[in-house]
Amino acid sequence: MARIVVLGAGFAGLWAAIGAARMREEIGANSDIEIRLIDRNPYHNIRVRNYEVDLSEVAIPLPQLLDPIGVSHGIGEVETIDPARREISLVTDRGDETLRYDRLVLALGSEVMRPDIPGLAEHAFDVDTYAAALNLEEHLTSLGRSVPSPGRSTVVVVGAGFTGIEVAAEMPDRLARAGITGSRRIILVDSNPAVGATIGAHARPVIETALASLEVETRLGVRVASVEAAGMHLSSGEFIPTQTVIWCAGMRASRLAASFPDARDRLGRLLVDPFMRVADVGGVFAAGDVASSVVDGLHPTVMSCQFARPMGRFAGHNVVADLAGRPMLPLRIDWYVTVLDLGGWGALYTEGWDREVRTTGQAAKATKQTINCKRIYPPLSGSKDELFAAAAPTVQAPPPTYGVR
């Protein structure tokens, strides 16, 4: 029996596994092809919701999604990949293991970069993973139960990109949930001279208005010099007393991308063709944050579930088609939107690669909630038919808008 291994259960990996199972059944090869998914966790994390107040629905058990479609799954930490031998070295609860594959889908995603800043590893939080988000939630809850002290009611978020802005904008509600009321400070720090430096000039005034309304302070054009239990030192010489530093400054593709000799971009992502194949490496596909594909003839994908989900669906379809000698399907996406959550103020919805503002405030918030709570979720019914329908190798239409700015 031929074996397809999918590494990673994020947006790309989950949909690659479901898409592969769909194609396997479509060609009548259930008894000929094994599909196995490996992840370090036994759940699919709706990662883009890790910044939110309520984390109760952001981790979905893998058996609920994969058992109905005949995809086996295991928990393990990937140590190395040997593309020449088609072998994966894993560390599991049983010890070191080797897993062979006939075809591989690499979907190990990305991780937040933590530079070698004194005290950062010991004292900073993040929302990069579900476990990290829970750790932050427990910390805030603990602060809410403690007696007032210097820095207890001050939160510093480092990185004023998409994630950092969403974390900072949601923080007033998170502090209220934790029982931290009264005088509070939320400070957004970035080395760039403007908030949302990569988001574009059209969107920036909206973001600045929202942050001002939420009373989020900024420290721009400065770097973090060091972090300690009592606070943070900035390159400007300022010391901010705080017990909560949240690091959101920069992402990089999984280190396992370096297992392959092919070209990688500045984020460490493997360059893949429209079929999600890694060039010059037999039998390997890649999707999601670990891969970069030019999807409209001009623009490469960005690290977001907007691209990871269709990349995964097409990778899953194509890996089975490749194994079975069937025609593969190229991925093309002719639209791009961003929907940035701005907490209690609302949200920001932009269209196009130049990010023209489409809707703002509560109208955009309705779109964001549709995306976060419905659109990016797999079917939870346990129905094989519904899972396969959702995994069809097609590209969804843009998300709905509920008002025009």
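This passage describes the sheet, helices, cores and one loop residue of a predicted model.

A central element of the description is an open sheet of 5 strands, arranged in the order 5-2-1-9-21 with parallel pairing. Its edges are formed by strand 5 (72-75) and strand 21 (284-286), each of which pairs on one side only. From one strand to the next, the twist averages 20°. Within this sheet, strand 1 (residues 2-7) is joined to strand 9 (residues 103-106) by 4 bridges in the parallel sense. One of the residues involved is Val6, whose bridge partner in strand 9 is Val105. Helix 1 (residues 11-26) packs on the sheet and touches strand 1, strand 2 (33-39) and strand 9. The direction of helix 1 makes about 170° with that of strand 2.

Helix 7 (residues 305-324) also meets the sheet, lying across strand 1, strand 2, strand 9 and strand 21. With respect to strand 9, helix 7 runs at about 165°. The 20 residues of helix 7 reach 28 Å from the first C-alpha to the last, close to the 28 Å expected at 1.5 Å a residue. Helix 7 is mostly covered, with 17 of its 20 residues buried. After helix 7 comes Gly325, which has a positive phi near 70°.

A separate pairing involves strand 6 (residues 77-82) and strand 7 (residues 87-92), which are antiparallel and share 5 bridges. Across this pairing, Val78 of the hairpin stands opposite Leu90 in strand 7. The two strands of the hairpin have 4 residues between them, and Arg86 takes a positive phi near 55°.

Nonpolar side chains were examined next. In soluble globular proteins, such side chains tend to be buried together. In the model, the largest nonpolar core has 83 residues. The residues with the most contacts inside this core are Leu7, Ile18, Leu66, Ile81, Ile88 and Leu104. Helix 1 gives the most to the core, contributing 10 residues. For Leu66, contacts beyond the neighbours within four places in sequence are made with Leu14, Ala17, Ile18, Leu37, Val71 and His73. Another core, of 34 residues, lies apart from the largest one and includes Phe125, Val167, Val195 and Leu340.

Helix 8 (residues 361-375) has 15 residues, so at 1.5 Å a residue it should span 21 Å. The end C-alpha atoms of helix 8 are 20 Å apart, which agrees with that value. The buried residues of helix 8 are Gly361, Ala364, Lys365, Thr367, Lys368, Thr370, Ile371, Asn372 and Arg375. These buried residues pack against two helices, helix 5 (162-178) and helix 7, and against strand 23 (337-341), strand 24 (347-351) and strand 25 (356-360).

His202 is located in the loop between strand 13 (185-190) and helix 6 (204-213). His202 counts as partly exposed because its relative accessibility is 39%, and partly exposed residues fall between the 20% limit for buried and the 50% limit for exposed. Apart from neighbours within four places in sequence, His202 is in contact with Asp354, Arg355, Glu356 and Val357. With Glu356, the contact includes a polar one between the two side chains, at 3.3 Å. Pro83 is 119 residues from His202 along the chain, and the C-alpha atoms of these two residues are separated by 44 Å.

Terms used: Residues are numbered from 1 along each chain as its sequence is written. This is a predicted model: local features need pLDDT of at least 70, side-chain atom pairs count only at pLDDT 80 or more; totals for chains, interfaces and linings use all residues. Side-chain values use heavy atoms; hydrogens and water are left out. The expected span of a helix is 1.5 Å times one less than its number of residues. Buried means under 20% relative accessible area, exposed over 50%, partly exposed in between (1.4 Å probe, protein chains only). Two strands pair if DSSP finds at least two bridges between them. Axes are lines fitted to C-alpha atoms, for helices over the stretch in contact, and angles run from 0 to 180 degrees between N-to-C directions. Contact means heavy atoms within 4.5 Å. A polar contact is a pair of N or O atoms within 3.5 Å; within protein, one must be able to donate a hydrogen and the other to accept it, and residues adjacent in sequence count only if both atoms are side-chain atoms. A nonpolar core is a set of buried Ala, Val, Leu, Ile, Met, Phe, Trp, Tyr and Cys residues joined through side-chain atoms within 4.5 Å.
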